[in-house]
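Subject: Structure for you, with notes

Hello,

Here is the structure I promised to pass on. Please have it open while you read; my notes follow below.

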Amino acid sequence: MIEKFLRYWLVNGFEGDEYYRRLCLFSSGSKSSNTAVNYIIQKRYQDVELLVVTSQLKGNIFHRLSRLYQLSKKTSWKFLAYKFYESFGGSSSVKLAREHRIPVIYCNDVNDRKVTSKIKSLGIDLCINCFVPHIFKSNTIQSAKLGVLNIHGSLLPKYRGLAQYFWYL
């Protein structure tokens with residue numbers, strides 16, 4: 001239901017919604033995230049004020065390698081191979097955003113102060129999270145006037161967690 005509502009709003013808009021048109025998109029740079037972000041940019045590029053691209057593994061290089069090792073214990077080699085393959089695909093969302101002159105911020109954590117301050121300074125109305133595997137804290141949610149809308153790629157709570165699309169295929 002929410003998907004139909006969001007799709008209708010993105011394509012057609014609603015009367016009086018010109019007051020809520022400043023969008024910030026969060027992307028992890030993954031293929032599924034790029035698909036969602038590209039759809040929104042293509043339909044409403046004039047309303048997108050900012051694209052935030054996060055790394056899928058937060059922290060410095062040692063923390064990232066440690067996290068990858070932890071994931072290798074919990075999951076199969078197929079999943080890790082897929083993530084490795086996915087990381088070399090390049091972000092088509094970034095290319096599309098730059099074509100439409102949408103600013104892009106790279107960060108390791110969605111709750112970073114530079115991200116929240118940029119959202120506030122641009123007067124963003126709504127943030128849309130497209131498959132970013134981070135937990136949004138209240139300061140990030142409150143930085144946009146209407147908060148954050150989360151797009152999840154599967155039914156919750158059955159397929160919650162990392163790469164839910166990988167497990168139900």
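From start to end, the protein chain runs α-β-α-β-α-α-α-β-α-β-α-β-α. That comes to 8 helices and 5 strands. Please keep in mind that this is a predicted model. The protein chain has 169 residues, and buried ones make up 41% of them. Among contacts with a separation of 6 or more, 67% link residues 24 or more positions apart.

**The sheet**

The 5 strands form one open sheet with parallel pairing. Their order is 3-2-1-4-5. Strand 3 (104-107) and strand 5 (148-151) are the edge strands, and each pairs on one side only. On average, neighbouring strands are turned by 20° against each other, with direction ignored.

Look next at strand 1 (residues 23-27) and strand 2 (residues 48-54). They pair in the parallel sense over 5 bridges. Leu23 stands opposite Val48 of strand 2. Ser27 has Val53 in strand 2 as its bridge partner.

How much of strand 1 is buried? 5 of its 5 residues are. In a regular strand, side chains alternate between the two faces of the sheet. Strand 1 is covered on both faces. Leu23, Leu25 and Ser27 are buried on one side, Cys24 and Phe26 on the other. Strand 2 is mostly covered too, with 6 of its 7 residues buried.

**Helix 6**

Helix 6 spans residues 113-122. It packs on the sheet and touches strand 1, strand 2, strand 3 and strand 4 (126-130). The direction of helix 6 makes about 160° with that of strand 3.

Which residues of helix 6 are buried? They are Val115, Thr116, Ile119 and Leu122. These residues lie on the same side of helix 6, because they cover an arc of only 135° around the axis. The general rule is that an α-helix has 3.6 residues a turn, so residues three or four places apart point the same way. On the other side of helix 6, Arg113, Lys120 and Ser121 are exposed.

What covers the buried residues of helix 6? The cover includes strand 1, strand 2, strand 3, strand 4 and helix 7 (138-141).

Thr116 is worth a click. Its relative accessible area is 8%, so Thr116 counts as buried. Leaving aside neighbours within four places in sequence, Thr116 is in contact with Asn139, Thr140 and Ser143.

Check both ends of helix 6 as well. At its start, a side-chain oxygen of Asp112 reaches to within 3.1 Å of the backbone nitrogen of Lys114. Just after helix 6, Gly123 takes a positive phi of about 65°.

**Ile41**

Now move to helix 2 (residues 31-44), where Ile41 sits. Is Ile41 buried or exposed? Ile41 counts as buried because its relative accessibility is 0%.

What does Ile41 touch beyond its neighbours within four places in sequence? Its contacts are Leu25, Val48, Ser93, Leu96, Ala97, His100 and Ile102. Two of these names belong to strands already described: Leu25 is on one of the covered sides of strand 1, and Val48 is the residue opposite Leu23. Ile102 is 61 residues from Ile41 along the chain. The C-alpha atoms of Ile41 and Ile102 are separated by 9.4 Å.

**Cysteines**

How many disulfides are there? A search of the whole structure finds 0. Cys107 is in no disulfide. Its nearest cysteine sulfur is that of Cys24, 9.5 Å away. A disulfide needs the two sulfur atoms within 2.5 Å. Cys130 is in no disulfide either; the nearest cysteine sulfur is again that of Cys24, 9.9 Å away.

Are these cysteines buried or exposed? Cys107 has a relative accessible area of 7%, so Cys107 is buried. Cys130 has a relative accessible area of 0%, so Cys130 is buried as well. Cys24 is buried too, on the side of strand 1 that also holds Phe26.

**To recap**

The sheet is open, with 5 strands in parallel pairing. Helix 6 packs on the sheet, and the buried residues of helix 6 share one side. Ile41 of helix 2 is buried. The structure has 0 disulfides.

Best wishes

Methods: Residues numbered from 1 in each chain as written. Predicted model: local features only at pLDDT ≥ 70, side-chain atom pairs only at ≥ 80, totals over all residues. Heavy atoms only, no water. Helix = DSSP H or I, 4+ residues; strand = E, 2+ residues; numbered from the N terminus. Buried < 20%, exposed > 50% of the residue type's maximum accessible area, 1.4 Å probe, protein only. Contact = heavy atoms within 4.5 Å. Pairing = 2+ DSSP bridges. Axes fitted to C-alpha atoms, helices over the stretch in contact; angles between N-to-C directions. Arc of directions from axis to C-beta. Polar contact = N/O pair within 3.5 Å; in protein donor to acceptor, adjacent residues only side chain to side chain.
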